[in-house]
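Welcome! Please open the structure below and turn it around slowly before reading on.

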Amino acid sequence: QVQLVESGGGLVQAGGSLRLSCAASGSIFSINAMNWYRQAPGKQRELVATITRGGIPNYVDSVKGRFTISRDNAKNTVYLQMNSLKPEDTAVYYCQAGIVGYTRREYDYWGQGTQVTVSS
């Protein structure tokens, strides 16, 4: 059984910062890409940032220069540092990871989501 547990969401004023964390636990052999998605009310879920096992990041254009994704492979944890937050960043943020279990098969897992609210 594998779980992804997120933390770090909250309410912040525009221009502020938040740091999200997502820790994977359970029967894990290795973790491939780790990703952060977000879903705002009435909108589709969108991929915000992704990071490979080797640490190569990629971002959606709307967050480039403001958000930084990182990971600690020893802790099976991915982070999202969010700076210069805007009201349009308000959403539920989800982490997702491609996790290889001891059967050597990869499955996608999702966290439960954490609310980020940016006030103007």
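The paragraphs that follow go from the overall picture to the strands, then to a pocket and a few loop residues.

Keep in mind from the start that this is a predicted model. What kinds of secondary structure should you look for? The protein has zero helices and eleven strands. Reading along the sequence, you therefore meet one β after another, in the pattern β-β-β-β-β-β-β-β-β-β-β. Along the principal axes, the C-alpha atoms fill a box of roughly 50 × 25 × 25 Å. How does the radius of gyration fit with a compact globule? For 120 residues, such a globule would have a value near 14 Å, and the protein has 14 Å, so the two agree. Of the 120 residues, 42% are buried.

Now let us look at how strands come together. Strands of a sheet pair through backbone hydrogen bonds, and the pairing can be parallel or antiparallel. One open sheet here has four strands, in the order E1-E3-E8-E7, with antiparallel pairing. At its edges you find strand E1 (2-7) and strand E7 (67-72), each of which pairs on one side only. If you ignore direction, neighbouring strands of this sheet are turned by 15 degrees against each other on average.

Step into this sheet and find strand E3, residues 18-26, and strand E8, residues 77-82, which pair in the antiparallel sense over six bridges. A handy place to see this pairing is Cys22, which stands opposite Val78 in E8. While you are looking at strands, here is a general point to try out on screen: in a regular strand, the side chains alternate between the two faces of the sheet.

Next, follow the chain through E4, E5 and E6. Strand E4 (residues 30-39) and strand E5 (residues 46-51) run antiparallel and are joined by five bridges. Asn35 has Thr50 in E5 as its bridge partner. E4 and E5 form a hairpin with six residues between them, and in the turn Gly42 has a positive phi of about 75 degrees. E5 is also joined to strand E6 (residues 57-59) by three bridges, again antiparallel. Here Ala49 stands opposite Tyr59 in E6. E5 and E6 form a hairpin too, with five residues between them, and Gly55 in its turn has a positive phi of about 95 degrees.

Which residues line the largest pocket? Among them are Arg38, Gln39, Ala40, Lys43, Gln44, Glu46 and Glu88. The pocket has a volume of about 150 Å³. Sorted by class, its lining has two nonpolar, four polar and four charged residues.

Let us stay with Glu88 for a moment. Glu88 sits in the loop between E8 and strand E9 (91-100). Is Glu88 buried or exposed? Its relative accessible area is 55%, so Glu88 counts as exposed, the cut-off being over 50%. Along the chain, Glu88 and Asn58 are 30 residues apart, and 20 Å separate their C-alpha atoms.

The loop between E8 and E9 also holds Ser84. Ser84 is partly exposed, because its relative accessible area of 40% falls between the cut-offs of 20% and 50%. Although Ser84 is not a glycine, it has a positive phi of about 50 degrees. Arg104, also not a glycine, has a positive phi of about 70 degrees. To find Arg104, look in the loop between E9 and strand E10 (106-110).

How values were computed: Residues are numbered from 1 along each chain as its sequence is written. This is a predicted model: local features need pLDDT of at least 70, side-chain atom pairs count only at pLDDT 80 or more; totals for chains, interfaces and linings use all residues. Side-chain values use heavy atoms; hydrogens and water are left out. Two strands pair if DSSP finds at least two bridges between them. Helices (H or I, at least four residues) and strands (E, at least two) are DSSP runs, numbered from the N terminus. Axes are lines fitted to C-alpha atoms, for helices over the stretch in contact, and angles run from 0 to 180 degrees between N-to-C directions. On a 1 Å grid over the protein atoms alone, a cavity is a set of points where a 1.4 Å probe fits but cannot get out, and a pocket is an open set with protein on both sides within 12 Å along at least five of seven lines; lining residues have an atom within 4 Å of a point. Grid points are joined across faces, edges and corners, and a volume is the space filled by probe spheres set on the points. Ala, Val, Leu, Ile, Met, Phe, Trp, Tyr, Cys and Pro count as nonpolar, Asp, Glu, Lys and Arg as charged, and the others, Gly among them, as polar. The radius of gyration is taken over C-alpha atoms; the globule rule is 2.2 Å times the number of residues to the power 0.38. Buried means under 20% relative accessible area, exposed over 50%, partly exposed in between (1.4 Å probe, protein chains only).
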